[in-house]
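Biologist: Please take a close look at a single part of this protein and describe its surroundings with care.

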Amino acid sequence: MGGGRPPRLPPRARPPGAAVGRHPGWLTGAGGRPRPLLREARAGIVPASSRARRKSPFPKTFHPRFAEGVRALAEARLRTPEAPLWTWIDRDAFARLIATFPNPEPFPWFGQLLDAPGWVAYLLAVDRWLDALRPSVRL
């Protein structure tokens with residue numbers, strides 16, 4: 001097959017609701033809710049409670065057992081004075097964060113993207129990495 005011309009293929013089937021985003025704003029924002037056409041197109045397929053809830057690009061919900069587990073690990077790490085994490089962050093500040101867990105006030109500037117349990121879990125992962133690899137850093 002030559003000539004540089006692509007072969008003709010049949011059009012692929014679009015998923016239902018794929019063209020909803022191309023409707024004008026007055027139609028897609030009707031009723032004060034975003035994407036009502038897509039929500040109503042899925043009636044009977046998706047439960048009403050799921051269709052009506054507000055969608056967030058950065059969900060901040062976490063399972064309560066996850067928060068409890070992270071808190072237990074953090075408190076155990078606080079009892080380890082030789083943890084490599086204390087070289088990089090203030091141990092007292094970490095203890096204050098854990099004391100107000102899971103909703104510290106005020107939360108840092110990045111709190112809109114990462115809630116306290118996720119942030120503490122990240123710090124514990126960094127501590128584990130530092131403990132396992134023992135990197136040397138020259139400043």
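Modeller: Buried residues, meaning those under 20% relative accessible area with a 1.4 Å probe and protein chains only, make up 22% of the 139 residues in the protein. This is a predicted model, in which local features need pLDDT of at least 70, side-chain atom pairs count only at pLDDT 80 or more, and totals for chains, interfaces and linings use all residues. Residues are numbered from 1 along each chain as its sequence is written, and side-chain values use heavy atoms, with hydrogens and water left out.

The protein has seven helices and zero strands, where helices are DSSP runs (H or I) of at least four residues and strands are runs (E) of at least two, numbered from the N terminus. The part I have chosen is Asp 127, which sits in helix α7 (residues 116-133) and counts as buried because its relative accessibility is 2%. Its side chain makes a polar contact with the side chain of Arg 77 at 2.3 Å; such a contact is a pair of N or O atoms within 3.5 Å, of which, within protein, one must be able to donate a hydrogen and the other to accept it, and residues adjacent in sequence count only if both atoms are side-chain atoms. Leaving aside neighbours within four places in sequence, Asp 127 is in contact (heavy atoms within 4.5 Å) with Ala 83, Pro 84 and Leu 85 as well as Arg 77.

Elsewhere on helix α7, Trp 119, Val 120, Leu 123 and Leu 124 meet Phe 94, Leu 97 and Ile 98 of α6.

Methods: Buried < 20%, exposed > 50% of the residue type's maximum accessible area, 1.4 Å probe, protein only.
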